[in-house]
Every structure is written in C-alpha cells, then in structure tokens.
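Here is a friendly walk through one structure, feature by feature. Have a look at it before we start.

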2 protein chains.
Amino acid sequence: MEIVEVGPRDGLQNEKRVLPTATKIEYVSRAIAAGLRRLEVVAFARPDRVPQMADAEDVLRGVPRPAGVRYVALVLNGRGLDRILALDPAVRPHEINYVVVATDEFARRNQGMDTMASLDAFRTVAARAAEAGLGVTLTVAAAFGCPFTGEVEADRVRDVIANAGPMTELCLADTIGVGVPAQVTELTAAAREAAPGVPLRAHFHNTRNTGYANAITAARLGFAALDASLGGIGGCPFAPAATGNIATEDLAYLLNRSGLPTGVAVPEAAEVGEWIGTELGLAEVPAQLGRAGDFPAGVGG
Amino acid sequence: MEIVEVGPRDGLQNEKRVLPTATKIEYVSRAIAAGLRRLEVVAFARPDRVPQMADAEDVLRGVPRPAGVRYVALVLNGRGLDRILALDPAVRPHEINYVVVATDEFARRNQGMDTMASLDAFRTVAARAAEAGLGVTLTVAAAFGCPFTGEVEADRVRDVIANAGPMTELCLADTIGVGVPAQVTELTAAAREAAPGVPLRAHFHNTRNTGYANAITAARLGFAALDASLGGIGGCPFAPAATGNIATEDLAYLLNRSGLPTGVAVPEAAEVGEWIGTELGLAEVPAQLGRAGDFPAGVGG
C-alpha cells in the first residue's frame, strides 16, 4: 500500500512559521530515509496567498533525486503548470496534482471560479502536463462535505469526475475531515462509475477522529495510494476548522499491522514527525506513534 | 448502537486529581442529559491502589436513577462483589463488569494471580452476582496485545473465553491501544466460537490512532455495545503508555453519521467532554468534536 507523503505541501502550507528552504529539503530527505517514495513537496500557488510555498522552484531544485522516488507538485491553475514547465526538466516534479473543489461556493473562494469552469481549466492543464510527460492526478476536494454549504451528494461527485476528462489518477479528498467509512464506500462506487479503471487515491484529515477508519476502508476497497503527513501536521488555509492530515507514522502502523505493508519504518517516521513538529514550534504533533511507541517493538514504552 | 459511557470509571481512575464525589455525580447526570443510558460509574478496587475509586459506594448512592438508565460497576475479585452486596439493593449497580487479563504476566500484576486462576475466581463471583440479579459482563483485558509480553494470539483469547463459564455479555478490550481492525475481525470469530450467542461489547483505546477504525469494525460485525469516555479521557494505571479511551462524542459522530444511531447528542456530549477536561485540569481533551464542531450543523465552525 503506497503512502503519499504530503507533509511538505499540505502539512506546511497552513503553518504560520515559514520554514527556510534548506529545512524543507532536509524534511524531504528525512522522509525518504524513513521509507517514503512518493512525496508531494510543493504547491504552485500565489505567494501572497500561500507564503509557505513561495520557494517551490528552489525546493524542487534542492531535493535529492534518488531512483524510485517521485515528486508531486500541487497545481491550482495553468499558471502553476507554466512555472513547472519553466524549470529545467531535471528538477521538475514527476507528477502534478490538480485540485478541483466539489462545491461551487468553495471552488469560487479557492480558485475564483465554479466547479465546472475549474474542470474546463483542468482539462487544458492536464493535456499540457501529459504532453510534457508529467503524471496527472485530479483531486476532488471537499468530496465528503463542504465547510460553506454542508453535505455533498455522491451524485455531485460522480458528475464532477465524469466531466473531468483524462487523468492518470483520481484522488478523493475529505478536505475538512467530516467523512465516515460509509461515505468512502459510496464515493468509491461513484468514482469507479465515472472514471472506470483509473487508479484511486484518497486524502483524509483526522479533524473528527474518522480519518484512520476512512483510510483503512479505502485500503480495503482497493485504493492504490493514501495521503498522509509525518506528524499529522497540516490543514487548509481556506477551509475553516480544518486540522491535520492523518499522520504518516500512525497510518503506516495501521497498514503494516493489517497485512498491507507500506515500506515505511514506523519508528523512523515517528522521529521525523516529532522533528518537523519541533521545527514548526509545535508543542505536540497530532501523530500518536511518537509518544506511544511502536508495538510490539515498543512494549513497555 | 449502544455506547457504554466508561468515563466515570476508566476515564477517571488514571487521573491524578481526585474529584469530589459531588462532581462525579454531576458528571454522570450530565452524561445522561447528553443521551447516555448505560454508564460504568465506579470500580471496586483497593483504595490504596486506585484512590479515585475510594468513594464508589457514595457515588452509587448519589447518582440519579431515572428509568432506562443502567449502571455498571467494575469488579476485580470477590471482595468487590461483597461491597456491592453490602449496599441497599436500591443503590446497587445493575451490572458488574469483571476483568480477566488475557496474559498471565499482566494478570499477575493486575490481580495477583494468573489468567486461569482469575477465571476460577470469575466463575464464583459471576454465579453469586447472577443470583443477586446483577448482569455479568466478562471483560478480557489486553486481548489485542500485552504491555509486558507483546502479541496475544487469538487462540489464547479463545481459550480464556472458553474457560469462563456463564456470562451475560463478553467484552473484548484493547487495554493498551495496539489493535487494528483485522484483529477485531479475528478475535470476534474466536469469541463467537468460544461463547456462542453471548452479546459482544468492545473496549478500545486510541493510543495509536486505531481506536475508531476498530470501533466501526466492531459495529459492522454486530457488536451490541462499545465503550467510550466523554472527552476521551482515561487510561489504565497499571498499563504503561496506555492513553485515553475513544471519546464518546467522536464515536457518536462516527456512528450517527454511519446510519448506526446511538441516541447520543454530539454537541451536548462534546460540551460534557470539555467540561470534565476542565474539572480534571487538562489543557485539552483528546476528543476532537468539541474543537471541530458537529457537521453539517457545525459548518464553518
């Protein structure tokens, strides 16, 4: 089971303390050392709106490039892709993750256009990215609920996906952490109907303590990848009350112990989670493995 | 789906600050007002080992007795039952919850005898309690893992249950919060083989962020009751690194939103969770609903 480490992007972007580029590069290197192989390391967003991501190009230039490691960059519009294509091909990300929000109200606040207009923009960007050899993930944000308009119906998510056009991967995101496993099952059926054969990825926040139950449900339903952040840090700057991602070390504990090996070493990942929390000046990270200790290795700890 | 509120017992017993009896009674009353109907309110343990429970008789004398509300008392040995039977029948608990630990090492540390000896003691106490008209739950503690000896095999849990004799209910407890859903499935099969037809209850801690995933798994497997504590407070004084129970308000959110209504009002339960945290002097409770807000009612919150 693949864990996509989104800490360097989703974990950081909501944090007030802007980390130096060198610290971000160390963060990525430490994540790789803990066993992560696919990492969402930057977003191409407006620096005035997401200051933490202003050095996206420098981060991509600085991160190590070992064989087997793939980098993802989050993109919100064509200008984000322009910035990627302006980079030397050797330091580009391997994939883009393009966000379309499931509800019009949240879409307008996030990207200045409604969902269908943002799908039009996605199709253009996706075609250009594919031509440049980049993988293309479509993330449907707020698929499990919207902070402004409440419930999101599965039919709406199905319509959004059906209008998206070609993609390499489809990611269902519970941006504000309201979803439950029954919704995972329902939205998975909708996604498979609207985009048959497209590999699925999921993005859960643990805002209401349902994130790990949703994650194991997605894993059992055959999702190829799950997003998580070391330490469980993160949120969304434009979604009220959105708290941390599910934590990489806790998710790896859950999956490894469930017979779904992730390649992530739990104690090492927990150390990185504690380290990034310290770098961000957090008193404590949401991840629990760093405090509780691995099991059975951590017996008595 | 029934939630058993164990905060007044398991939530409090590990807390250093001993609450006045009147506060404990208010705690129970507030829990009932939030919709809880079955509450584990005291333990009959040695006051020198569990000072928080020294006033068990006074708590039972003081709590309200509305129709439909049932009280449970945790019991570790025959002396605990003696104390219950010494009470006026009008203020006795409706049920006892007798703990037997799955591993010998932990059993000896907890009750001074190995598991099989403690099953002998259980059979005697269960017969006396049933004769006095009390419901009898057997809780198999550390069924998902032991803090001293590590992994616990499903075969061991099956043997423990098969040797227990008659009971009203069987509770599988992940005392130190190491379990994953696959273990819930495996142990459920073992329990049903060893005690066919006995209603099942589960007790999860969220020490490694797997508690809610385990709880929804148990609910889907047909468990009749799930333990939780308002605010997610609690632990076990004799289990190293054991942290809080799963939180009543967060579990109620998960179950209510999954089409498994609990009768618990999430916002009211979250208020009680925050209140008991304040009474205990905690900076923050582990429960998340109090901070995140209900959904969709809490949209934007």
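What follows is a short dialogue between a learner and a teacher about this predicted model.

Q: How are chain A and chain B related, and by what turn can one be laid on the other?
A: Chain A can be placed on chain B by a turn of 180° with a shift of 0.0 Å along the axis, and the RMSD is then 0.0 Å. The two copies are thus related as by a two-fold rotation axis. To find that axis in chain A, look for A:Ala213: its C-alpha is the nearest to the axis, at 1.9 Å.

Q: Through which surface do the copies meet?
A: Of the interface residues of chain A, 100% are also interface residues in chain B, so the copies meet through the same surface.

Q: How do I read the strands, and which way do they pair in chain A?
A: The general idea is that strands of a sheet pair through backbone hydrogen bonds, either parallel or antiparallel. In chain A, a closed barrel of 8 strands runs S1-S2-S3-S4-S5-S6-S7-S8, and the pairing is parallel. Neighbouring strands of this sheet are turned by 25° against each other on average, direction ignored. For one pair to trace, take S6(A) and S7(A), which run parallel and are joined by 5 bridges. There you can see A:Leu172 opposite A:Ala202 in S7(A).

Q: And a helix? What span should helix H8 of chain A have?
A: Helix H8 of chain A covers residues 181-194, and at 1.5 Å a residue its 14 residues should span 20 Å; the end C-alpha atoms are 20 Å apart, which agrees.

Q: Which residues of H8(A) are buried?
A: An α-helix has 3.6 residues a turn, so residues three or four places apart point the same way. In H8(A), the buried residues include A:Val184, A:Leu187, A:Thr188 and A:Ala191. Their cover comes from both chains: among the elements covering the buried residues of H8(A) are strand S6 (169-174) and helix H7 (154-162) of chain A, and helix H10 (248-257) of chain B.

Q: Where should I look for backbone details?
A: Try the peptide bonds and the phi angles. A cis peptide bond, with omega about 0°, joins A:Phe295 and A:Pro296, and A:Pro296 lies in the segment after helix H12 (289-292) of chain A. In chain B, B:Phe295 and B:Pro296 are likewise joined by a cis peptide bond.

Q: Is A:Ala142 buried or exposed?
A: A residue counts as buried under 20% relative accessible area; A:Ala142, at 0%, is therefore buried. Its phi is near 55°, a positive value in a residue other than glycine. You will find A:Ala142 in the loop between strand S5 (135-141) and H7 of chain A.

Technical notes
Residues are numbered from 1 along each chain as its sequence is written. Chains are lettered from A and ligands numbered from 1 in the order in which they are written. This is a predicted model: local features need pLDDT of at least 70, side-chain atom pairs count only at pLDDT 80 or more; totals for chains, interfaces and linings use all residues. Side-chain values use heavy atoms; hydrogens and water are left out. Copies are superposed by least squares on the C-alpha atoms of residues with pLDDT of at least 70 in both. Contact means heavy atoms within 4.5 Å. Helices (H or I, at least four residues) and strands (E, at least two) are DSSP runs, numbered from the N terminus. The expected span of a helix is 1.5 Å times one less than its number of residues. Buried means under 20% relative accessible area, exposed over 50%, partly exposed in between (1.4 Å probe, protein chains only). Two strands pair if DSSP finds at least two bridges between them. Axes are lines fitted to C-alpha atoms, for helices over the stretch in contact, and angles run from 0 to 180 degrees between N-to-C directions.
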